[in-house]
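Visitor: Hey, I've got a protein model to look at for class. Can you walk me through a few spots?
Guide: Sure, let's pull it up and go bit by bit.

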Amino acid sequence: MLQKVSGFIQSHQLCQPESRILAAVSGGIDSAVLCEVLHKLKYTFAIAHCNFGLRAEDAEADQLFAKKLAKKYEVPFFTENFDTRAFAAQEKLSIQMAARTLRYTWFEQVRQQEGYDYIATAHHSNDLTETILLHLTKGTGIAGLHGIPAKNGHIIRPMLPVTKDDIFDFVTEQRLIWREDTSNETTKYQRNKIRHEVIPVLKEINPNLEETMQHTAERVSQAEAIVAAYIDNLRQQSIKEAEDAIYLALEPLRQATGLPVVLHELLRPFNFSYTVVLELVEALEGIAGKQFDSPSHTLVKDRDQLVITPRNLSRFGSLTIAEGQTEVSEEHVYLSLRYVPADQYKLNAKPHVAALDAGLLKFPLRLRPWQEGDWFVPLGMNGKKKISDFLIDKKVPANLKAKTLVLVSDQSIAWIVGQRLDNRFKVTEKTEQVLEITLQPRPMAS
């Protein structure tokens, strides 16, 4: 197992021995093995775990198990809770697609904030086979036929050459424990139906199905590289990135062979489906202003270009602020932070500036959207007030309420960002150090 994974990492240049890796850990058998493999191969790694709030007590137990794994390996632990059902309903996604979008968005946030080089997932050879079959069943382009890439940007999959049988042998040999997800056995999910009902039939025809699929995926990947060279050339001619959006010029596309396929490849990083791309192609010669959505981006057809902007996914999770951090950048918010000795600080009463008693704060702080039931003690008062009531009293428009953020210390709200401080965290004569947080316009790219 270790030799197979190590050889695969080297042959596919997934990472370097000194790379810092963020391991995506659910608590199941595959991710438990991933942690043990990274540990035995002496990689520096941390554990990241998502709680999607879908399995009640089981989800809480998974989260606790992942935390214990981090303690076992003496590595950092990061976790996040998501309101997956709310996100899926709003974005009109399946629960599985919603969870996937939230998961990878958050992983990348943690990777950047904490300085990790790669995100490692525990996908293996059986996953690759299931993915190819699922893509074929639903319809796919050339990218879908290579299954799961070994490396995709900052995401690496070092266990792709390993089969499920290899994994079971390894956990037996190493006496590892894991959390069993009972949802893996139900066939109400499409992937599980393929796993339990389709693949056993195909393996009667080809007992080496996983190996065959892996070889096919490698050949398709090489063919894809040829196509990618053409697409990259077209991308350089047509795409311009700016601070506020990504602009895709239409003129170079009008001369392209196989426009729907070409446009789908150009828009792949923004998660637009082929069906949406077909609708877009029909609209290219129409009037400007038509809008198209993907799970992560919005595209507007302008007169001579396509304008692509990211959607605000972070409102369904949170951002952490470590002690000593000097800035926080969210999609629509930029905060600057500074620590000042209390005897040298001059209070600023403006609502976009929060002066907090640093000694009363418990780090890491969290920046998140307000939620129903949230309350705080408004500055200058001693009693609680629901944030919903506060926003009504302030006559905040409905479309801006959803964008209201709160700064949380432990379980207490310390600041309604840009609006009102919590009285419990105000600066007093006992304060020794002040944390000043200023809400600023988001800085433009240089």
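Visitor: Okay, is Cys35 buried or exposed?
Guide: Cys35 counts as buried, because its relative accessibility is 0%. Keep in mind that this is a predicted model.

Visitor: And how many disulfides does the structure hold?
Guide: It holds 0 disulfides. Take Cys15: the nearest cysteine sulfur belongs to Cys35 and is 15 Å away.

Visitor: Why is Cys35 not bonded to Cys50?
Guide: The closest cysteine sulfur to that of Cys35 is in Cys50, but at 14 Å it's too far for a bond. A disulfide is a covalent bond between the sulfur atoms of two cysteines.

Visitor: Back to Cys15, buried or exposed?
Guide: Buried, since its relative accessibility is 9% and the cut-off for buried is under 20%.

Visitor: New topic: where is Asp127?
Guide: Asp127 sits in helix H6, which covers residues 125-138.

Visitor: What's the nearest side chain of opposite charge to Asp127?
Guide: That's Arg195, 4.5 Å away. Asp127 is buried but has no salt bridge; the cut-off for one is within 4 Å.

Visitor: Which residues is Asp127 in contact with?
Guide: Skipping neighbours within four places in sequence, Asp127 is in contact with Asp30, Ala122, Ile148, Arg191 and Arg195.

Visitor: Last one: how many residues of helix H11 are buried?
Guide: 7 of its 9 residues, so H11 (residues 259-267) is mostly covered. Among the buried ones are Val262, His264 and Glu265.

Conventions: Residues are numbered from 1 along each chain as its sequence is written. This is a predicted model: local features need pLDDT of at least 70, side-chain atom pairs count only at pLDDT 80 or more; totals for chains, interfaces and linings use all residues. Side-chain values use heavy atoms; hydrogens and water are left out. Helices (H or I, at least four residues) and strands (E, at least two) are DSSP runs, numbered from the N terminus. Buried means under 20% relative accessible area, exposed over 50%, partly exposed in between (1.4 Å probe, protein chains only). Lys and Arg count as positive and Asp and Glu as negative; His and the chain ends are not counted. Contact means heavy atoms within 4.5 Å. A disulfide is a pair of cysteine sulfur atoms within 2.5 Å.
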